[in-house]
Amino acid sequence: MMPRWLRRLWSSATGRFGLIAVAVIAVVAIIAQFWTPFDPREADVRGRWAAPGWPHLLGTDGTGRDILSLIMAGTRTTAFVSIGAGIVATIVGIALAALGALTFRWMRETVAVLVDILIAFPVLIIAMMISSVWGGSLWVVIWAVGIGFGVNIARVTRPELRRVQRSDFVLAGRASGLTAAQNLVRHLLPNVAPVFIVQLSWSMAVAVLAEAGLSYLGFGASVTEPSWGILLSDLQRYISIHPLSVIWPGLAITITVLALNLLGDALREATDPTLQHRSAETHTPAVVA
């Protein structure tokens, strides 16, 4: 049997699009780990700027590399960065939210001030500052985006944790002998999951944009690693001569970011019981006496 929340997710047009698109991106990233139509690093000067067709379905670039193979290989980098940034953001966000909502007053106030200070710095600026010191790498993007959006997650989740903490079922769990950690895992986190999911999907979408943008500027992936941002940077110099080649990496970035955002919104609607209750009330016809 399909879970109820998954049925609600599939019944939404945006949910279906986000789910299918993210699934396709994940499958392509896994396939590209073992196989691509051509070697993405192999240059063929005689075949450069080939038009889309067989055997190069999306054409080739200025060195004769197959653009489809480059985009497939770049999907691995995108998946690695988005998942890594999501994991870091989850750990940082939950830790700060729990410290800011479930501890002593002085600790809550300290965390609130720290979050307000950190949230004032744009994520991309932090990543560029770190890259200028430690050099550009995917790990810089992962940690910068993860910490930056972990702070955002903490800021949004902390008041929700405070609200749920005053609920009767949480007080009952505490009275039954549950520790603070057990209450957090069993009662608090499941009830703030809808808010958390949206922020997490947003952080993963921004991680995709950050990796592409920083790689485009030379602060992200190294030139030896396949990246949509590096491919876009290489191709944009010839946009007036070969405009079609620039479309493919830009389209890949756009679809990935759009899919992650739509999937996050649809997951929130599918898992938030308050939204479901409002929807049921809205669609219930009035009874005429």
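Asp61 counts as buried, because its relative accessibility is 3%, a figure that falls under the 20% limit for a buried residue. The structure is a predicted model, and every value given here was computed from its atoms. Asp61 is found in the loop between α2 (13-32) and α3 (67-102).

**The surroundings of Asp61**

Which backbone nitrogens lie 3.1 Å and 2.8 Å from a polar atom of the Asp61 side chain? The backbone nitrogen of Gly64 lies at 3.1 Å from such an atom, and the backbone nitrogen of Arg65 lies at 2.8 Å from a polar atom of the Asp61 side chain. When neighbours within four places in sequence are left aside, the residues in contact with Asp61 are Arg48, Trp49, Ile67, Leu70 and Leu235.

**Thr256 in helix α10**

Thr256 is found in helix α10, which covers residues 243-271. Thr256 has a relative accessibility of 5%, and therefore counts as buried. A polar atom of the Thr256 side chain lies 2.8 Å from the backbone oxygen of Ala252. Beyond the neighbours within four places in sequence, Thr256 is in contact with Ile25, Thr78, Val208 and Trp228.

**Salt bridges**

How many salt bridges does a search of the whole structure find? The search finds five, and the table lists three of them, including their closest N to O distances.

| Acidic residue | Basic residue | N to O distance |
|---|---|---|
| Asp234 | Arg65 | 3.7 Å |
| Glu109 | Arg105 | 3.0 Å |
| Glu160 | Arg163 | 2.8 Å |

In the salt bridge of Asp234 with Arg65, the closest N and O atoms are 3.7 Å apart. This pair links distant parts of the chain, since Asp234 lies in helix α9 (residues 228-235) and Arg65 in the loop between α2 and α3, with their positions 169 residues apart. Asp234 counts as partly exposed, because its relative accessibility is 25%.

Glu109 and Arg105, by contrast, both lie in helix α4 (residues 105-118), four residues apart, or about one turn of the helix. Glu109 is partly exposed, with a relative accessible area of 43%, whereas Arg105 is exposed, with a relative accessible area of 60%.

The side chains of Glu160 and Arg163 meet in a salt bridge within helix α6 (residues 138-165), where the two residues are three places apart, again about one turn of the helix. Glu160 counts as partly exposed at 23% relative accessibility, and Arg163 is likewise partly exposed, with a relative accessible area of 44%. Elsewhere, salt bridges that share partners join Asp61, Arg65, Asp234 and Arg237 into one network. Asp61, the buried loop residue described above, is thus one of the members of this network.

**The contact of α3 with α6**

Two packed helices are described by the distance between their axes and by the angle between those axes. For α3 and α6, the axes come within 5 Å and cross at roughly 35 degrees, and the crossing is right-handed. How do the residues of the contact of α3 with α6 divide into nonpolar, polar and charged? The residues of this contact comprise 23 nonpolar, eight polar and two charged.

Conventions:
Residues numbered from 1 in each chain as written. Predicted model: local features only at pLDDT ≥ 70, side-chain atom pairs only at ≥ 80, totals over all residues. Heavy atoms only, no water. Buried < 20%, exposed > 50% of the residue type's maximum accessible area, 1.4 Å probe, protein only. Polar contact = N/O pair within 3.5 Å; in protein donor to acceptor, adjacent residues only side chain to side chain. Contact = heavy atoms within 4.5 Å. Salt bridge = Lys/Arg side-chain N within 4 Å of Asp/Glu carboxyl O. Axes fitted to C-alpha atoms, helices over the stretch in contact; angles between N-to-C directions. Left-handed = near helix turned anticlockwise from the far one by under 90°. Nonpolar A, V, L, I, M, F, W, Y, C, P; charged D, E, K, R; others polar.
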